[in-house]
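Thanks for sending this one over. Here are my notes, in the order in which I would walk through the model with you.

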There are 2 protein chains.
Amino acid sequence: MNLKTLAEALGLSQTTVSRALNGYPEVSEATRKRVEEAALRFGYRPNSRAKGLATGRAMLIGQVIPTSTQHEMVNPVFGDFVAGASQNLARHGYDMLLTRVPGDDEGKVYREFRARGAVDGVIIQAPDVKDERIALLNRIGLPFIVHGRSTGVEEPYSWIDVNNTQAFRRATEFLLQLGHRRIALINGLERMDFAFRRRKGYLQALETAGIGPDPQLMCTDEMTEQFGHHKTRYMLSLDDPPTAFLCSSMLSAVGIRRALQEAGLTMGRDVSVIIHDDDLSYLRNGDDIPLFTATRSSVRHAGELLADALMQLINAPDHPPITRLLEAQLVVGSSTGPAPLRAARLPS
Amino acid sequence: MNLKTLAEALGLSQTTVSRALNGYPEVSEATRKRVEEAALRFGYRPNSRAKGLATGRAMLIGQVIPTSTQHEMVNPVFGDFVAGASQNLARHGYDMLLTRVPGDDEGKVYREFRARGAVDGVIIQAPDVKDERIALLNRIGLPFIVHGRSTGVEEPYSWIDVNNTQAFRRATEFLLQLGHRRIALINGLERMDFAFRRRKGYLQALETAGIGPDPQLMCTDEMTEQFGHHKTRYMLSLDDPPTAFLCSSMLSAVGIRRALQEAGLTMGRDVSVIIHDDDLSYLRNGDDIPLFTATRSSVRHAGELLADALMQLINAPDHPPITRLLEAQLVVGSSTGPAPLRAARLPS
DNA sequence: AATCCGTTTCAAAGCGCTTTGAGGCATGCC
DNA sequence: GGCATGCCTCAAAGCGCTTTGAAACGGATT
């Protein structure tokens with residue numbers, strides 16, 4: 001069933017039917033009603049590609065599946081983010097187009113998106129400290145918004161980010177107030193902007209407290225459970241082990257907890273832990289009382305906001321860049337407590 | 001830059017240019033080379049929608065974001081599955097179209113997909129024991145493949161599934177051989193086919209061993225960390241507590257571990273645990289030695305297989321249904337051991 | 001020279017929609 | 001009666017591609 005057939009069945013022209021269905025005012029209410037009824041009865045829906053060709057819109061937002069480039073890992077926040085984003089895209093009649101980059105040339109995908117008119121805009125995930133995708137997208141003129149920011153990029157662009165520096169500064173200060181002096185940082189890959197900023201916040205707090213950073217207490221990698229486990233074991237075996245851990249991910253913190261358990265240590269008493277909590281639906285940080293003290297910011301909510309912002313950018317081509325800084329909450333759970341008089345230490 | 005402009009620039013007709021780029025034999029090698037070069041130089045790529053309109057293909061595979069209907073949860077396997085699937089779709093020039101269902105009428109989405117010609121096929125996730133989507137898709141004639149199966153559906157359809165019954169039967173037998181008699185099942189939502197089959201396998205093994213099932217030892221819900229934690233605490237406080245847990249998800253098993261830790265019990269000694277491991281990239285079950293004894297089957301690999309199969313179905317419209325049963329490996333980790341002489345029990 | 005054939009190229013139709021510019025038809029006003 | 005005014009509807013162009021059926025061309029065959 002296409003427009004032509006429907007129009008014939010109704011004894012109307014294609015124009016009138018099209019106008020009726022698209023809410024144009026030139027159609028009488030009676031006609032519109034009749035057309036809508038028939039469309040429903042025949043199960044008519046305009047062909048996406050034909051409509052897109054005529055309107056010049058794809059009604060699709062592109063996103064490259066963010067894999068950690070080191071290994072072939074799928075970012076665990078991906079699911080929740082996409083759920084949030086597509087929920088709000090759907091309100092505007094948009095769907096999400098997902099693509100995986102063969103090799104590492106993400107730029108090529110964006111150029112193709114543009115040349116083929118495959119999508120009306122894109123969302124950029126996990127930007128690097130100096131992310132090249134931003135300049136590329138600005139240059140080729142494909143509407144986009146960044147989930148996060150890129151410290152090293154000067155030119156204007158739209159972004160929505162969590163105040164990572166502030167979050168980790170506060171978290172560190174919180175630990176300092178509890179008397180901790182040896183605070184470890186279990187961070188994500190620091191070529192990524194969010195991890196870079198978190199370290200910055202951590203270092204700022206230490207510096208303000210007059211504590212020099214210890215390279216042995218700082219590590220950075222993909223945020224798996226194993227990573228948290230390995231590093232915790234290792235750091236606890238140092239001569240001067242940390243009494244607290246600041247950890248960029250819930251998942252790695254599960255590894256920390258495992259290591260502490262193996263060492264017979266109690267979290268919140270022998271060792272304190274603060275995490276960043278993306279509020280993932282299947283990885284909740286406790287129900288009422290948080291398991292971990294955490295800097296919390298829902299990545300799903302971020303997805304919703306990014307979708308709305310991108311819709312704005314697409315609908316108003318000359319819209320100035322949209323930027324928005326979200327503050328993470330510091331929620332106190334049972335994983336933190338006063339620094340012990342003597343640090344727990346594992347035999348190395 | 002579109003076909004017309006490119007053709008004019010080359011002094012050729014659109015036909016010839018189109019044929020040259022699409023590898024038709026009617027074009028001389030010299031011409032083809034010249035055309036390809038120019039296309040590259042001008043950055044020409046055929047417009048997706050125009051091409052789609054002309055060919056009748058969307059070059060998109062639809063997928064509805066699988067949210068657990070009870071709550072608004074995003075399935076944790078989603079990311080890895082999509083990564084696997086889109087990798088192989090990309091090989092055929094296909095992308096993935098993601099959509100979120102407002103409300104609960106997933107059928108409406110498929111009807112729309114069909115009527116709008118928005119996608120060339122769909123992948124169905126997490127089928128119910130009697131899943132209505134299958135009949136619908138067969139009826140409307142939208143090519144599809146199911147990730148999993150639906151016990152209650154008689155009509156033919158394409159699917160790729162893990163042998164869940166077998167996996168959980170073997171896992172249960174393994175525990176029985178270790179002397180466990182009180183084995184708990186921490187299962188996913190049993191309206192879903194995979195969870196239904198897992199319970200079936202578990203029950204079969206118990207029955208063969210002459211052990212009657214105890215409803216107190218069986219529970220089913222969304223597989224969060226909390227769920228595993230709650231249920232473990234509860235079951236350990238029973239008069240006759242389990243000595244082993246069979247758990248449908250790594251995530252819930254993390255909760256089991258937490259509960260055991262709080263109870264001062266050692267996994268693999270006081271209590272045994274077997275999980276099903278989807279081999280998620282950010283939630284690996286140990287490196288070399290598995291953390292948990294597990295029935296393992298990579299969901300990402302399943303995604304790759306489903307993508308390939310769906311491509312076959314789309315390219316050969318009268319292809320008979322493709323079905324494939326994957327066997328899960330039983331990998332032995334350190335979370336299982338002989339049943340203790342006296343079961344550990346928590347005060348209730 | 002005429003015919004045939006294979007190779008290469010082309011003009012034009014068609015995919016299903018939106019949108020432009022125009023026309024038909026009551027109605028109201030001079 | 002004539003004409004402007006709204007309201008409603010329409011035919012046709014155009015979006016950018018593929019594909020059909022035909023034509024032009026050069027070389028080989030008669």
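1. Which polar backbone atom is 3.4 Å from a base nitrogen of DNA strand C? The atom belongs to Ala50(A). Please keep in mind throughout that this is a predicted model. Two contacts to the backbone of the same DNA strand are worth viewing alongside Ala50(A). The side chain of Asn22(A) places an N or O atom 2.9 Å from a phosphate oxygen of DNA strand C, and from the other chain a backbone N or O atom of Ser13(B) lies 2.6 Å from a phosphate oxygen of DNA strand C. Both chains supply elements here: helix H2 (14-21) and helix H4 (48-55) of chain A, and helix H2 (14-21) and helix H4 (48-55) of chain B, each give two or more residues to the surface near DNA strand C.

2. Staying with DNA strand C, 27 residues surround it, and those that come nearest are Leu3(A), Ser18(A), Arg19(A), Tyr24(A) and Thr15(B). Of the atoms of DNA strand C that come within 4 Å of the protein, 58% are sugar and phosphate. By class, the residues of this surface are nine nonpolar, 13 polar and five charged.

3. Now for DNA strand D. Here 28 residues lie around the strand, with Thr15(A), Leu3(B), Ser18(B), Arg19(B) and Tyr24(B) coming nearest. Sugar and phosphate again make up 58% of the atoms of DNA strand D within 4 Å of the protein. The surface near DNA strand D has 10 nonpolar residues, 13 polar ones and five charged ones.

4. Which contacts would I show for DNA strand D? A polar backbone atom of Ala50(B) is 3.4 Å from a base nitrogen of the strand. On the phosphate side, a backbone N or O atom of Leu3(B) lies 2.3 Å from a phosphate oxygen of DNA strand D, and Tyr44(B) has a polar side-chain atom 2.9 Å from a phosphate oxygen of DNA strand D. The elements giving two or more residues to this surface are H2 and H4 of chain A and H2 and H4 of chain B. The most comes from H4(B), with five residues.

5. The two ends of H4(B) deserve a look of their own. At the N-terminal end, Asn47(B) acts as a cap, with a side-chain oxygen 2.9 Å from the backbone nitrogen of Arg49(B). Just after the helix, Gly56(B) takes a positive phi of about 80 degrees.

6. Next, the sheet. It is open, has 12 strands with mixed pairing, and runs in the order S13(A)-S7(A)-S6(A)-S5(A)-S1(A)-S4(A)-S4(B)-S1(B)-S5(B)-S6(B)-S7(B)-S13(B). Strand S13 (323-326) of chain A and strand S13 (323-326) of chain B stand at the edges with a single partner strand each, so one side of each has no neighbour in the sheet. From one strand to the next, the twist averages 20 degrees.

7. At the chain A edge, strand S7 (residues 159-162) and S13(A) pair in the parallel sense over four bridges. For a landmark, find Ile160(A), which stands opposite Arg324(A) in S13(A).

8. Helix H6 (residues 106-116) of chain B has Gly107(B), Val109(B), Tyr110(B), Glu112(B), Phe113(B) and Arg116(B) buried. What do these buried residues pack against? In chain A, the partners are H4 and strand S4 (95-99). In chain B, they are strand S1 (60-64), strand S4 (95-99), strand S5 (121-124) and helix H7 (132-140). The helix is followed by Gly117(B), whose phi is positive, near 60 degrees.

9. Is Asp131(A) buried or exposed? Asp131(A) has a relative accessible area of 4%, so this residue counts as buried. Asp131(A) sits in the loop between strand S5 (121-124) and helix H7 (132-140) of chain A. Its side chain reaches the backbone nitrogen of Asp128(A) at 2.8 Å. Setting aside neighbours within four places in sequence, Asp131(A) is in contact with Ala126(A), Ser150(A) and Val153(A).

10. Last, Thr165(A), which lies in helix H8 (residues 164-177) of chain A. Thr165(A) counts as buried because its relative accessibility is 7%. Not counting residues up to four places away in sequence, Thr165(A) touches Arg197(A), Lys200(A), Gly201(A) and Gln204(A).

Conventions:
Residues are numbered from 1 along each chain as its sequence is written. Chains are lettered from A and ligands numbered from 1 in the order in which they are written. This is a predicted model: local features need pLDDT of at least 70, side-chain atom pairs count only at pLDDT 80 or more; totals for chains, interfaces and linings use all residues. Side-chain values use heavy atoms; hydrogens and water are left out. A residue is near a molecule or strand if one of its heavy atoms lies within 4 Å of it. A polar contact is a pair of N or O atoms within 3.5 Å; within protein, one must be able to donate a hydrogen and the other to accept it, and residues adjacent in sequence count only if both atoms are side-chain atoms. Ala, Val, Leu, Ile, Met, Phe, Trp, Tyr, Cys and Pro count as nonpolar, Asp, Glu, Lys and Arg as charged, and the others, Gly among them, as polar. Buried means under 20% relative accessible area, exposed over 50%, partly exposed in between (1.4 Å probe, protein chains only). Contact means heavy atoms within 4.5 Å. Two strands pair if DSSP finds at least two bridges between them. Axes are lines fitted to C-alpha atoms, for helices over the stretch in contact, and angles run from 0 to 180 degrees between N-to-C directions.
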